[in-house]
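Biologist: I would ask for a close look at a single part of this model, a helix and the elements packed around it. Please state the cut-offs behind each term as you go, and carry the account on to other places where separate parts of the chain meet.

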Amino acid sequence: MKLAAAMLSHLSASLSHTSSSSISISFTSSTAFRHRLRPLFRYSPSKVFKFHKKVPYFSTNASMESPVGLSVDSVADGLKKQSLSEDKRVKLNLEDLNWDHSFVRELPGDPRSDIMPREVLHACYSKVSPSVQVENPQLVAWSESVAEILDLDPKEFERPDFPLLFSGASPLVGGLSYAQCYGGHQFGMWAGQLGDGRAITLGELVNSKNQRWELQLKGAGKTPYSRFADGLAVLRSSIREFLCSEAIHSLGIPTTRALSLVTTGKYVTRDMFYDGNPKDEPGAVVCRVSPSFLRFGSFQLHASRGKEDMKIVKALADYTIKHHFPHIETMNKSDSLSFSTGQENDSVVDLTSNKYAAWAVEVAERTASMIAKWQGVGFTHGVMNTDNMSVLGLTIDYGPFGFLDAFDPSFTPNTTDLPGRRYCFANQPDVGLWNMAQFVSTLSSANLINEKESDYALERYGTKFMDDYQLVMTKKLGLPKYNKQLISKLLNNMAVDKVDYTNFFRLLSNIKADSTTPDEELLVPLKAALLDIGQERKEAWTSWVKIYIEELSASGIADEDRKALMNSVNPKYILRNYLCQSAIDMAEQGDFDEVRRLLKVMEKPYDEQPGMEKYARLPPAWAYRPGVRMLSCSS
């Protein structure tokens, strides 16, 4: 009954050619869960739901995506407008930021202000100030594009006190700091209260476009949710989070952002491999930025605590819709957002009559769309616990992430995940569904949505994922329409020969739609990706390329035009783990130049960037050592 059986047949087929041919997740162990999902798999989606009007896929009030795949004219026009508006851009000093702390103002908080580890009841947050100790903190890197969305003058990065302010050692004027309270399922098991154990929000601000942004310091000290940890972060993990936040954004995938990375000048003790050999590492703090850091687990925790806290689930839902899904508040009957359940009584549910149902559907669609984009670029999150799932459909919490090198659907970058590979690349769409099931179950338990609305939200997840994934793969191959058989065979070949995922698709755009090309020349454009393959495999690839060329020829698109379109969706540069490690090694010696260079390269992943070709190279042998390609959950 796993969704992947229907949704990811080409990925599933590839699994049989990997070293881990049996990958499964126990999604069906719960009788209640099986009962809840049964209606979704009984019928064909196209037969079950008869739309009066297709449910729209809304965007957030603050777009987190990059303009990928635009035409040359539209990009040129955009650059002109950008140049003209540059002088009009609002540029504020830190003291002049427009703070508006709606989360603290509108939701119940912890009456205590101490940081003693404890269970925090009937509260969405605890007020707490950063307590990190610093000694000559230094600014390692910063994002000018994030400064722009905050209306922050880039000159503020030059302030002598900037490292003090963004390490948490000095308070920001107008800020109001707190740590959020939430729970979550970790590796499929309910973990109870978790919360921001080493992240402290500095406050919320509203920019000149009326967009709401939350600033949060990760590694700023203990909170009531730190349990037995120190609330700190090391430079190694902080560089990874900073760079990947910005790299994922530049790839066109919704994500939280990162404004700055600061060293604390102090050392933090970490046992990186959990082998009883801890060592001191440089400490650091990342300033993360997002419209909100609300997670699935933010709602789950309160629902788990019984009837008394169900009102908090509703309050959180009302708050989230009001500030981050305002279009749902303004829906009316004229929108005709209704669907048929396809069951015996063929009842119709109108989403405009229940804003929580419309919201659940949108959360499902945003989550599905985000994961489809992950699959497109080979990104593996590594820790898709429900406390790491954003209700805004943003990629959040960069821990042991990894991009595919050699195509291996069973790849997981998380050493903790190795035994079951629950969070491996191929399983991500299924895990997203499972997490959504926990989320809608929470809303159902609070009586915000009924069973039919819950089922429909899950159905929309599946439909949205397949729509977006098929579109992504169609564009990656430059095809006029989706061809399941062709794409399935391609992924199968890539898995067998362990072909580099990123470099292969970039090279694929060099194939010409010329059916007269001699067989011995067909693989020449792919030579750099098809390494060490024997005659039998060459024949398999030649056969595939012939069929591919037939499809291209039927499209009628000129080779150069297709190449430009394909290169706009197939990145040349991704944040491979070995690139991160090279920057980390230099930074730990006090040289931050490589972090800054890597940031610049990753800001334009689809461009050729002459002179930067080394950042597109395959991983060297040392990249497979422990702690580089694979990491543990915690740092």
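Modeller: The account below begins with one helix and its packing partners, then turns to aromatic pairs, an enclosed helix and some loop residues.

This is a predicted model, in which local features need pLDDT of at least 70 and side-chain atom pairs count only at pLDDT 80 or more, while totals for chains, interfaces and linings use all residues. Residues are numbered from 1 along each chain as its sequence is written, and side-chain values use heavy atoms, with hydrogens and water left out.

The helix in question is α13, which spans residues 355–377 and contains A360. Helices (H or I, at least four residues) and strands (E, at least two) are DSSP runs, numbered from the N terminus. A360 has a relative accessible area of 0% and is therefore buried; the term buried stands for under 20% relative accessible area, exposed for over 50%, and partly exposed for values in between, with a 1.4 Å probe and protein chains only. If residues up to four places away in sequence are set aside, A360 touches M436, V440, L443 and A457, where contact requires heavy atoms within 4.5 Å. The C-alpha atom of A360 is also 9.9 Å from that of L448, although 88 residues separate the two along the chain.

One packing partner of α13 is helix α14, residues 428–445, at an angle of about 165 degrees and with the axes 10 Å apart. Axes are lines fitted to C-alpha atoms, for helices over the stretch in contact, and angles run from 0 to 180 degrees between N-to-C directions. The two helices α13 and α14 are therefore roughly antiparallel; angles over 145 degrees count as roughly antiparallel, under 35 as roughly parallel, 65 to 115 as roughly perpendicular and the rest as oblique. Their crossing is right-handed, meaning that the near helix is turned clockwise from the far one by less than a right angle, whereas an anticlockwise turn would be left-handed. On the α13 side the contact includes W359, A360, V363, A364 and T367, and these residues belong to a set that meets residues of α14, among them G432, M436, F439, V440 and L443. By class, the contact of α13 with α14 has eleven nonpolar, four polar and no charged residues. Here Ala, Val, Leu, Ile, Met, Phe, Trp, Tyr, Cys and Pro count as nonpolar, Asp, Glu, Lys and Arg as charged, and the others, Gly among them, as polar.

A second partner is helix α15, residues 451–476, which packs against α13 at about 30 degrees with the axes 8 Å apart. That angle makes α13 and α15 roughly parallel. The residues of the contact of α13 with α15 divide into 13 nonpolar, four polar and seven charged, and the crossing of α13 and α15 is right-handed.

Aromatic pairs come next. The model has 28 aromatic pairs, counted when the ring centres of Phe, Tyr and Trp (its six-membered ring) lie within 6.5 Å; planes under 30 degrees apart count as stacked, over 60 as edge-to-face and the rest as tilted. F299 and W359 form a tilted pair, 5.4 Å centre to centre with 55 degrees between the planes. It connects helix α10 (residues 296–304), which holds F299, with α13, which holds W359, across 60 residues of sequence. F299 and W359 are both buried. F504 and W541 also form a tilted pair, at 5.4 Å and 50 degrees. F504 lies in helix α17 (residues 501–508) and W541 in helix α18 (residues 535–555), so this pair ties together parts 37 residues apart in sequence. F504 is buried, at a relative accessible area of 0%, and W541 counts as buried at 0%. Ring pairs link F504 and W541 into a cluster with F407, F425, Y501, F505, W544 and Y548.

Helix α20 (residues 577–587) is largely enclosed by the rest of the structure, because eight of its eleven residues are buried. Among the buried residues of α20 are N577, Y578, L579 and C580, and the cover over its buried residues includes α9 (235–250), β13 (402–403) and α21 (593–602).

Finally, the loops. N447 lies between α14 and α15, has a positive phi of about 60 degrees without being a glycine, and is exposed at 68% relative accessibility. K481, in the loop between α15 and α16 (484–497), is exposed at 55%. The C-alpha atoms of K481 and S555 are 8.8 Å apart, with their positions 74 residues apart in sequence.
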